[in-house]
Amino acid sequence: MSSTAYGVSEPISTGGPTELDIVRNRELEKFLADAGLYESHEEAIKREEVLGRLDQIVKTWVKNVCRAKGFNDDVVQEANAKIFTFGSYRLGVHGPGADIDTLCVGPRHATREDFFGELHRMLEEMPEIQELHPVPDAHVPVMKFKFNGVSIDLLYANVALWVIPEDLDVSQESILQNVDEQTVRSLNGCRVTDQVLHLVPNIQSFRTTLRCMRLWAKRRGVYSNVTGFLGGINWALLVARICQLYPNAVPSMLVSRFFRVYSLWRWPNPVLLCPINEGSLGLAYWDPRRNFKDRQHLMPIITPAYPCMNSSYNVSTSTLRVMTEEFQRGNELCEAIEANKASWQSLCEPFAFFEAYRNYLRIDIAAESEDDMRKWKGWVESRIRLLTLKIERDTAGVLQCHPHPGEFSDKSKPFHHSYFMGLRRKQGTNPQQGEQFDIRLTVEDFKRDVYAYSFWTSSMWIHVCHVRRKDLPNFVFPGGVRPAQPARSESRSVSKSLGSSKATSVDAAFSRKRKHDEVNTGFTSKESCLAMSSSDASSPGETRELKQFEADIGDTLNSGGRVDSQIEVSVKSTLPVPSSCAAVTETIAVKQSAEPTVGHQSGSHGFEDPGDELELTNGVKPSDGANELQMEPPTAEEMVEATTSEEKDGIGGSSHKVLQSEGLEELEPLELAAPSSSLASDAFVVPQKPLIRFNFTSLRKTTEST
């Protein structure tokens with residue numbers, strides 16, 4: 001048993017597994033193996049061969065650079081570069097077909113321009129290299145390609161050394177001396193990964209638990225840093241903290257404790273694996289006492305390597321709400337698993353996103369070529385989370401968005417992708433009769449950000465519209481087949497796997513938790529220690545501590561009554577599109593009215609969703625066939641100048657700076673500015689269009705009508 005202390009607090013429990021825990025752990029390992037999470041021996045060997053070959057290539061490259069710059073033969077002979085790995089491959093949790101996150105460390109005289117110049121040319125001439133795509137202007141510059149079918153993301157760090165030794169240790173703080181910010185960010189992945197492996201008590205238990213949590217997060221739709229959820233490094237840090245709190249637990253226990261702890265966690269108290277290192281190089285680090293921006297982070301998960309930073313700054317109020325509800329659901333199911341009333345399969349059951357809501361925002365993008373589509377897609381995906389932030393801002397947080405982390409494509413439309421967001425009113429609010437939230441300027445503001453892309457061409461366009469659940473296109477469903485009868489309630493499907501007695505308690509728990517409006521704010525070290533000293537309920541003493549822990553967060557649960565509401569969403573969208581495409585204008589609107597309801601009502605899939613019926617005015621009707629709102633063409637005055645505008649509003653610049661790699665989650669920090677003043681100018685004042693009104697009805701009334 002481990003006797004070494006890990007983390008910033010004492011363990012919650014040092015107890016080991018019981019015989020039942022061992023049995024459940026075997027079941028978990030079998031479930032993960034059956035899910036296809038482990039690569040074959042042949043694929044593992046192929047990856048090692050690719051990495052060895054890549055290391056030889058960069059060593060040849062740096063010698064060529066030295067020779068081309070006129071260095072003498074001795075310098076050329078000693079010139080060296082070295083390949084490091086990080087991300088899921090370095091952590092040992094990668095699956096079949098996963099990419100490998102790699103870092104090339106080179107000497108000071110081999111610049112980043114040489115990396116994207118000479119090395120790019122060398123790779124381009126090699127037949128074993130396919131799909132070579134350099135992104136030198138990204139927040140973390142990267143070269144993406146496939147090497148004999150293995151996907152590689154290659155970063156570069158030119159450190160302040162003339163010679164790179166083969167035993168170079170990038171975890172040393174001295175490696176960051178006299179380097180630029182891009183090099184610091186490029187080194188950060190390797191440094192954080194090495195620290196995580198150093199700070200967990202049992203690496204094998206950590207890996208198995210992390211594999212399970214990654215599978216769970218992907219199936220439940222909360223694995224995506226770029227969308228505002230959490231990415232690979234975030235989940236690794238969360239799991240590592242649980243391993244520290246339960247150093248002798250087996251993976252099945254760690255999964256259960258993961259949900260127990262984080263369902264009770266008092267965000268925005270930070271998750272820390274070690275004390276924050278202020279360092280000696282003067283680099284900025286996460287400190288909400290000094291940095292105002294750090295105080296605005298909703299779900300801080302701090303990296304353990306200097307400079308310590310918040311790895312989850314993309315999280316918004318809406319995405320935090322989704323993850324909090326998923327943690328609560330996971331905790332209930334893990335309790336059922338421990339009572340032999342549920343299985344690991346039920347825990348990782350895919351989230352039926354297109355059955356959870358009745359109204360969605362649909363974002364369509366298109367381009368004319370594969371190269372343009374790849375660039376446009378990466379840029380738009382990096383901006384989509386801003387739409388969530390802008391809607392939260394402009395509706396005072398009342399209208400909440402649930403972005404789907406993936407894209408969908410209609411095979412009949414090449415170079416065309418669609419993204420979706422579920423819409424719902426924030427629970428626990430008491431909207432005033434007739435209160436209106438007009439998000440037309442919000443959408444225009446979002447589109448201005450998107451069209452500010454510096455590499456924009458006339459073939460790149462974006463279209464935002466409202467779509468009802470019954471009008472969703474078939475290509476969003478598995479196999480392109482719409483379910484005959486959508487599931488009426490996730491809690492009911494869970495109930496079947498738990499049994500009737502357990503179902504009642506699970507449904508009641510979900511009902512209470514759906515009344516959770518938003519997480520409490522404020523940060524104190526005492527609260528952080530309290531949250532990180534929550535207890536396991538495996539013994540009577542620990543049960544008492546757990547009850548106290550639950551009492552401490554009781555103020556985050558709202559026991560107030562529910563209200564029915566009618567929401568009218570108004571979105572006016574005037575789209576600059578290629579001459580070959582029809583200009584589209586649509587109106588989606590948001591208005592709220594409320595009336596009290598009596599009795600408890602449960603929501604589908606744990607969410608309160610809008611009603612199906614659309615109350616249309618002025619004869620405007622949604623199209624059943626095109627899955628979009630058919631409106632009259634825009635007038636000349638309504639066509640905005642976004643196609644030629646170079647204006648920016650301070651939300652992060654215009655270059656393609658965000659990557660879609662699973663391991664490369666160092667996204668550019670974005671600030672949500674107030675809407676551009678030009679939005680209120682005459683150029684953006686459009687004639688009032690008929691409003692399309694739809695109701696957010698309670699599920700009880702909906703289900704009774706069906």
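## Close-up views of a predicted model

**View 1. Alanine 396 sits out in the open: its relative accessible area is 67%, so it counts as exposed.** The cut-offs for that label are over 50% for exposed, under 20% for buried and anything in between for partly exposed, using a 1.4 Å probe and protein chains only. The areas themselves come from the Shrake-Rupley method with a 1.4 Å probe, and for residues only the protein chains shown count as cover. This is a predicted model, in which local features need pLDDT of at least 70 and side-chain atom pairs count only at pLDDT 80 or more, while totals for chains, interfaces and linings use all residues. Residues are numbered from 1 along each chain as its sequence is written, and side-chain values use heavy atoms, with hydrogens and water left out. Back to the residue: alanine 396 is in the loop between helix H14 (370–394) and strand E7 (399–403). Helices (H or I, at least four residues) and strands (E, at least two) are DSSP runs, numbered from the N terminus. What is the phi of alanine 396 near? The value is near 55 degrees, which is positive in a residue other than glycine.

**View 2. Phenylalanine 415 also has a positive phi, near 55 degrees, without being a glycine.** Look for phenylalanine 415 in the loop between E7 and strand E8 (416–425). With a relative accessibility of 33%, phenylalanine 415 is partly exposed.

**View 3. Tryptophan 267 and proline 268 are joined by a cis peptide bond.** Omega here is near 15 degrees. Proline 268 belongs to the loop that runs between helix H9 (251–263) and helix H10 (292–295).

**View 4. The bond from tyrosine 306 to proline 307 is a cis peptide too, with omega about -5 degrees.** Where does proline 307 lie? The loop between H10 and helix H11 (317–338) holds proline 307.

**View 5. Arginine 191, in helix H6 (residues 181–199), is tucked away.** Its relative accessibility is 4%, so arginine 191 counts as buried. In contact with arginine 191, once neighbours within four places in sequence are set aside, are Val170, Ser171, Gln172, Glu173, Ile175, Leu176, Ala305 and Tyr306. Contact here means heavy atoms within 4.5 Å. The C-alpha atoms of arginine 191 and valine 170 are 6.4 Å apart, with these positions 21 residues apart in sequence. Tyr306, a contact of arginine 191, is the residue that precedes the cis bond in View 4.

**View 6. Glutamine 345 of helix H12 (residues 344–347) meets a partner from far along the chain.** Phenylalanine 31 is 314 residues away in sequence, yet the two C-alpha atoms are separated by 7.4 Å. Leaving out residues up to four places away, glutamine 345 touches Phe31 and Arg219. Glutamine 345 is partly exposed, at 43% relative accessible area.

**View 7. Helix H2 (residues 41–68) crosses helix H5 (residues 112–124) at roughly 120 degrees, the axes coming within 10 Å.** Axes are lines fitted to C-alpha atoms, for helices over the stretch in contact, and angles run from 0 to 180 degrees between N-to-C directions. H2 and H5 are therefore oblique; under 35 degrees would be roughly parallel, over 145 roughly antiparallel and 65 to 115 roughly perpendicular, with the rest oblique. The crossing of H2 and H5 is right-handed, meaning that the near helix is turned clockwise from the far one by less than a right angle, whereas anticlockwise would be left-handed. From H2 come Ile57, Val58, Thr60, Trp61, Asn64 and Val65, which meet Asp114, Phe115, Glu118, Leu119, Met122 and Leu123 of H5. By class, that makes eight nonpolar, two polar and two charged residues. Ala, Val, Leu, Ile, Met, Phe, Trp, Tyr, Cys and Pro count as nonpolar, Asp, Glu, Lys and Arg as charged, and the others, Gly among them, as polar.

**View 8. Helix H7 (residues 203–219) packs on helix H8 (residues 232–245) at about 135 degrees, with axes 10 Å apart.** H7 and H8 are therefore oblique to each other, and their crossing is right-handed. H7 brings Phe206, Thr209, Leu210, Met213, Arg214, Trp216 and Ala217, and H8 brings Gly232, Trp235, Ala236, Val239, Ala240 and Cys243. This contact has 10 nonpolar, two polar and one charged residue.

**View 9. Zooming out, the protein chain has 20 helices and 16 strands.** Of its 706 residues, 59% are buried. The chain exposes about 28400 Å², and carbon and sulfur atoms supply 50% of that.
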